[in-house]
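Hi everyone, thanks for coming. I'd like to walk you through a structure that may be new to you, so let's put it on the screen.

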Amino acid sequence: MKVDVLHIAKLANLTLSKEEIAKYEEQLSSILSYIDKLQKVDTKNVPETSQVTGLENVTSDDQTFPSLSQDDALSNSQNKHNGLFKVKGILNDQP
Amino acid sequence: MTSHNNLTIKKAREGLLKKDFSAVELLNAYLEQIERKNSELNAFITVCKSEALEQAKHADKLLSEGQDLPLLGIPIALKDIYSTKGIQTTAGSNVLKGYIPPFDATVVARLKEAGAVIIGKTNLDAWAHGSSGENSDFGPTKNPWNTDFVPGGSSSGSAVSVSAQMAIAATGTDTGGSIRLPASFTNTVGLKPTYGRVSRYGIVAMASSLDSIGHFTKNVEDSALFLNVTAGNDPLDGTTPTVEVPDYTKKLDKDIKGIRIGIPKEYFIAGMDPKVRENIEKAIKFYEENGCKIEQISLPHTEYAIATYYIIQPAEVSSNLARYDGIRYGNKRKTFGEEAKRRIMLGTFTLSVGYYDAYYKKALKVRTLLIKDFEEAFKKVDAIIAPVSPTLPWKIGEKANDPLSMYLSDVFTVTANITGHPGLSIPTGFVDGFPVGMQIIGPHFKEELLFNLGHRYEQEHKWFERNPYET
């Protein structure tokens, strides 16, 4: 199977070089052709499993507890302004 | 190297309590070994010298006051994917280079409460993506038994830190074999607990439905002692059930007569190294001679495990790594390394419109069938024994350009992650100078049985007493 690497990279928000595009095209299709062996397995009427120990609907009490301070939350950001995270404009062209 | 570097947790605790040596002296022996060996082995990304000294001094104070905690004064290394308050946590990736977490992972908090001294943060395949340690953005870790060869991954630095006597024990994570494989390649004991037995909170997520939080120790008894500290429900991780946590050291010596052990025929495949096979068969003989009932069993869907794993795991990876935007913490997405990008792309593809049913949904169904295989098997046997790896360690660089062949090195380990079962990797001797290991797999939350079986074997063979620097 040929994978549209550029489209996938766009969905995943990754920027790839020309060489990477060619390399991933080849490697992903080789991995996918291996994975395709699953199509041979009869899974009619087999339910899906995503949680293996049988836990369901784990909830916690609706109570507040101490969390990170504003300073701690911002401590690793390279883009902050007036105690807030600074991000690129979304609705305009401003940087 | 002093005699302190040979110690198990148990022996080190005895020495500390008897005042044969102080926690600071113990720590210094390990810091000196790191100083001697780390430039060659590249096991540590960060060594926490000053913080560790403070913790060791504090441990000595508590010891002088007659206090006793399960890991008081024991130097422990952490895979650099465990968040540590105030200490850089990279996950082996340039994306998190320079990131200083403002909080501790639950396991780190529990280790500190138990008196452990955190000696450093160990190298790993970036984001725990790999079977060899070569995918680290901080350079590959070397196998101390032969530095031209890989130590196994992804918890490569943690395995090597224990094997090369730079820490008494170390933490790891096992999503597809990342503890068991490097344990078997380095002559250490590696535990992958039942999914949910140990909290994932504060550990950088790889694939959330598969990630198991475990550790490396020199021997089985230490592994049980360590799990006593880390296991149990954590309100901050909704997948940790309130299943009782026993004292895992209690049943180590129990008689193993009559225990039924299954040998799955699918784990003794044609392509396997015949010397490794012979080694594992010899270990199985021990159980036979000691009154266990050995039964040939079948886990019929085994051949589909890797394919299932390489759908579910990259799908969860692509979702977990989507959070790294370089805005709140960490660096920009362009700093992702080659393997992380490959897995993000693969996962994004199998989750995308038009392919979701054929790949992702299909894999979740085969997951159910793999679980059924084990449920059927555990009706007939109490535990399963299998090799950890079909081969010995490979040369650094040998599989670097062939991701599929690298993925296939996990052929015997991924299934326990897909099904959530616990697995204990135990040294079974040496082939051509390289360590080999077997894994004992049990039903959910039956770690006690694995320790019992492992300990009895180990008491007879004591492979753990060998180290790469013995003269």
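Of the 471 residues in chain B, 61% are buried. Please keep in mind that this is a predicted model. Staying with the contacts inside this chain, take those with a separation of 6 or more: 78% of them are between residues 24 or more positions apart.

What is chain B built from? Its secondary structure comes to 14 helices and 11 strands. The radius of gyration is 21 Å, close to the 23 Å that the globule rule gives for 471 residues, so chain B is as compact as a globular protein of that length. If you like to think in boxes, the C-alpha atoms of chain B fill one of roughly 60 × 60 × 45 Å along the principal axes.

Let's zoom in on some strands of chain B. Strand β10(B), residues 423-431, pairs with β5(B), residues 189-192, in the antiparallel sense over three bridges. One place to find this pairing is Leu191(B), whose bridge partner in β10(B) is Leu424(B). β10(B) is also joined to β11(B), residues 434-441, by seven bridges, and these two strands run antiparallel. Here Ile426(B) has Met438(B) as its bridge partner in β11(B). The hairpin of β10(B) and β11(B) has two residues between the strands, and in this hairpin Asp432(B) takes a positive phi near 55 degrees.

Now, on to the other chain. How many residues of chain B are in contact with chain A? The count is 45 residues of chain B, in contact with 39 residues of chain A. On the chain B side, the elements giving two or more residues are α9, α10 (338-350), α11 (357-380) and α12 (403-407). α11(B) gives the most, with 10 residues. By type, the chain B side divides into 24 nonpolar, 12 polar and nine charged residues.

Let me finish with one helix pair across the two chains. Two packed helices are described by the angle between their axes and the distance between the axes. For α2 of chain A, residues 18-35, and α9 of chain B, residues 305-320, the axes come within 9 Å and cross at roughly 125 degrees. That makes α2(A) oblique to α9(B). Which residues meet here? From α2(A) we have Ile31(A), Tyr34(A) and Ile35(A), and they meet Ala307(B), Tyr310(B) and Ile311(B) in α9(B). The residues of this contact divide into six nonpolar, no polar and no charged.

Thanks for listening, and I'm happy to go back to any view.

Key
Residues numbered from 1 in each chain as written. Chains lettered and ligands numbered in written order. Predicted model: local features only at pLDDT ≥ 70, side-chain atom pairs only at ≥ 80, totals over all residues. Axes fitted to C-alpha atoms, helices over the stretch in contact; angles between N-to-C directions. Helix = DSSP H or I, 4+ residues; strand = E, 2+ residues; numbered from the N terminus. Parallel < 35°, antiparallel > 145°, perpendicular 65-115°, else oblique. Contact = placed C-beta atoms within 7 Å. Nonpolar A, V, L, I, M, F, W, Y, C, P; charged D, E, K, R; others polar. Rg over C-alpha atoms; globule rule 2.2 N^0.38 Å. Buried ≥ 20, exposed ≤ 12 C-beta atoms within 10 Å, placed from the backbone. Pairing = 2+ DSSP bridges.
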